Amino acid sequence: MFSDGMLLRVYIAESAKIGKKPAYKYLVEMFKARGFPGCTVFRGMIGYGHEKTIHTVDVLNFSMDLPIVIDVVDTKDRILSIVDEVEQLVEHGLVITQDVKMGRKR
Amino acid sequence: MFSDGMLLRVYIAESAKIGKKPAYKYLVEMFKARGFPGCTVFRGMIGYGHEKTIHTVDVLNFSMDLPIVIDVVDTKDRILSIVDEVEQLVEHGLVITQDVKMGRKR
Amino acid sequence: MFSDGMLLRVYIAESAKIGKKPAYKYLVEMFKARGFPGCTVFRGMIGYGHEKTIHTVDVLNFSMDLPIVIDVVDTKDRILSIVDEVEQLVEHGLVITQDVKMGRKR
């Protein structure tokens, strides 16, 4: 059975911090602590725009500071309840939301 | 030329099985056998919620059971014709659909 | 603050070329040269349909020609201004767009 849901996605640099933690770890732990049912983190291979300083593509190819993407899917209400907080925590990067239909299996 | 389409995305654990096969291989082969024009599989770096047992983030960091995401894009009718079957095959995980505009080149 | 935006995503083979360059590098450099604020490239683990010749899954497992996905997010107007050009540059593969809400931090 599919129901209305929302995808929250964060594009961020792997080096980004929230407090003393890597930002992506901080966010995954936050989503888990708040009871979001699942979260998936991907590491990109190149990119730009995730940081204050925009690297050239050639530099990024040899950089260890890779782009990270974090996906969280839940009901619209649940995602909207956290999205402003997430945006405020992310110092440099991009936060997007998308409407989805979802079917989750436990 | 762009036309209306639909993205089907499956979030699943790499260890998940359908029958005796890794679930992601089973699904890719099924999509191909049914004539879907393309399919892309990504491996995430960490996550939770793709399995029955929810691991802590720290455990997942050192785990070989990584999250997998499978994307398939086709017409809305074609995706809707398979989405319930996919959801039933996926024992633990998440299946979402999203409306897209698509332009496919062969 | 979230505003309306659009996600442009390109699914392509890692081996694909535009001119003499790898297509994904060509596209990232093009997006950067045109002033798009960010771009993220991911390498998939298996897939089919990104190339003229459709490989079997088993072949792809051992292939070095992996699927690549490129995400770019900007205003709808900005994305629509480039999407036809991108589709024409991509010889084999898939280009999709999706409406999103976005909050970008610099």
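Which residue follows helix 1 of chain C, and what is the sign of its phi? The exercises below concern a predicted model, and the first of them takes up this question.

**Exercise 1. Describe helix 1 of chain C and the residue that follows it.**

Solution. Begin with the extent of the helix: helix 1 of chain C covers residues 23-33. Next, list its buried residues, taking buried to mean under 20% relative accessible area. They are C:Ala23, C:Tyr24, C:Leu27, C:Val28, C:Met30 and C:Phe31. These residues cover an arc of only 160° around the axis, and therefore they lie on the same side of helix 1 of chain C. Finally, turn to the end of the helix. The residue that follows is C:Gly35, and its phi is positive, near 85°.

**Exercise 2. Carry out the same analysis for helix 1 of chain B.**

Solution. Helix 1 of chain B also spans residues 23-33. Its buried residues are B:Ala23, B:Tyr24, B:Leu27, B:Val28, B:Met30 and B:Phe31. Viewed down the axis of helix 1 of chain B, these buried residues fall within an arc of 160°, so they line one face of the helix. After the helix comes B:Gly35, with a positive phi near 90°.

**Exercise 3. State how many aromatic pairs occur over all chains, and classify the pairs of Phe31 with Phe36 in chains B and C.**

Solution. The count over all chains is 3 aromatic pairs. Two tests are needed: ring centres must lie within 6.5 Å, and planes over 60 degrees apart count as edge-to-face. In chain B, the centres of B:Phe31 and B:Phe36 are 5.9 Å apart and the angle between the planes is 75°, an edge-to-face pair. Both B:Phe31 and B:Phe36 are buried. In chain C, the ring centres of C:Phe31 and C:Phe36 are 5.9 Å apart with planes at 80°, so this pair is edge-to-face. C:Phe31 and C:Phe36 are likewise buried.

**Exercise 4. Determine the rotations that relate chain C to chain A and chain A to chain B.**

Solution. The general principle is that two copies of a chain are related by a rotation about an axis and a shift along it. For chains C and A, a rotation of 120° with a shift of 0.0 Å along its axis superposes chain C on chain A, at an RMSD of 0.0 Å. This is the relation of a three-fold axis. Now compare the surfaces in use: 13% of the contact residues of chain C recur in chain A, and the copies use different surfaces.

For chains A and B, a turn of 120° and a shift of 0.0 Å along the axis lay chain A on chain B with an RMSD of 0.0 Å. Only 13% of the interface residues of chain A are also interface residues in chain B, so these copies meet through different surfaces.

**Exercise 5. Describe the interfaces of chain A with chain C and with chain B.**

Solution. Take the contact of chains C and A as the starting point. Here 31 residues of chain C touch 31 residues of chain A. The two chains bury about 2500 Å² between them, 56% of it on carbon and sulfur atoms. C:Phe2, C:Lys32 and C:Lys105 supply 26% of the area that chain C buries against chain A, more than any other three residues. C:Lys32 also lies over the face of A:Tyr48, at 5.9 Å from the ring centre.

Continue with chains A and B, where 31 residues from chain A meet 31 residues from chain B. The buried area is about 2400 Å², of which carbon and sulfur atoms give 56%. A:Phe2, A:Lys32 and A:Lys105 supply 26% of the area that chain A buries against chain B, more than any other three residues.

For the contact between chains B and C, one detail may be added. The charged end of B:Lys32 sits over the ring of C:Tyr48, 5.8 Å from its centre.

**Exercise 6. Decide whether B:Glu87 is buried or exposed, and name its contacts.**

Solution. First locate the residue: B:Glu87 lies in helix 4 of chain B, residues 83-89. Its relative accessibility is 7%, so B:Glu87 counts as buried. Neighbours within four places in sequence are left aside in the last step. B:Glu87 is then in contact with A:Met1, A:Phe2, A:Gly103, A:Arg104, A:Lys105 and B:Val95.

How values were computed. Residues numbered from 1 in each chain as written. Chains lettered and ligands numbered in written order. Predicted model: local features only at pLDDT ≥ 70, side-chain atom pairs only at ≥ 80, totals over all residues. Heavy atoms only, no water. Least-squares fit on C-alpha atoms with pLDDT ≥ 70 in both. Contact = heavy atoms within 4.5 Å. Phe/Tyr/Trp six-rings, centres within 6.5 Å; stacked < 30°, edge-to-face > 60°. Buried < 20%, exposed > 50% of the residue type's maximum accessible area, 1.4 Å probe, protein only. Lys NZ or Arg CZ within 6 Å of the ring centre and 35° of its normal. Helix = DSSP H or I, 4+ residues; strand = E, 2+ residues; numbered from the N terminus. Arc of directions from axis to C-beta. Buried area = accessible area lost by both parts, 1.4 Å probe.
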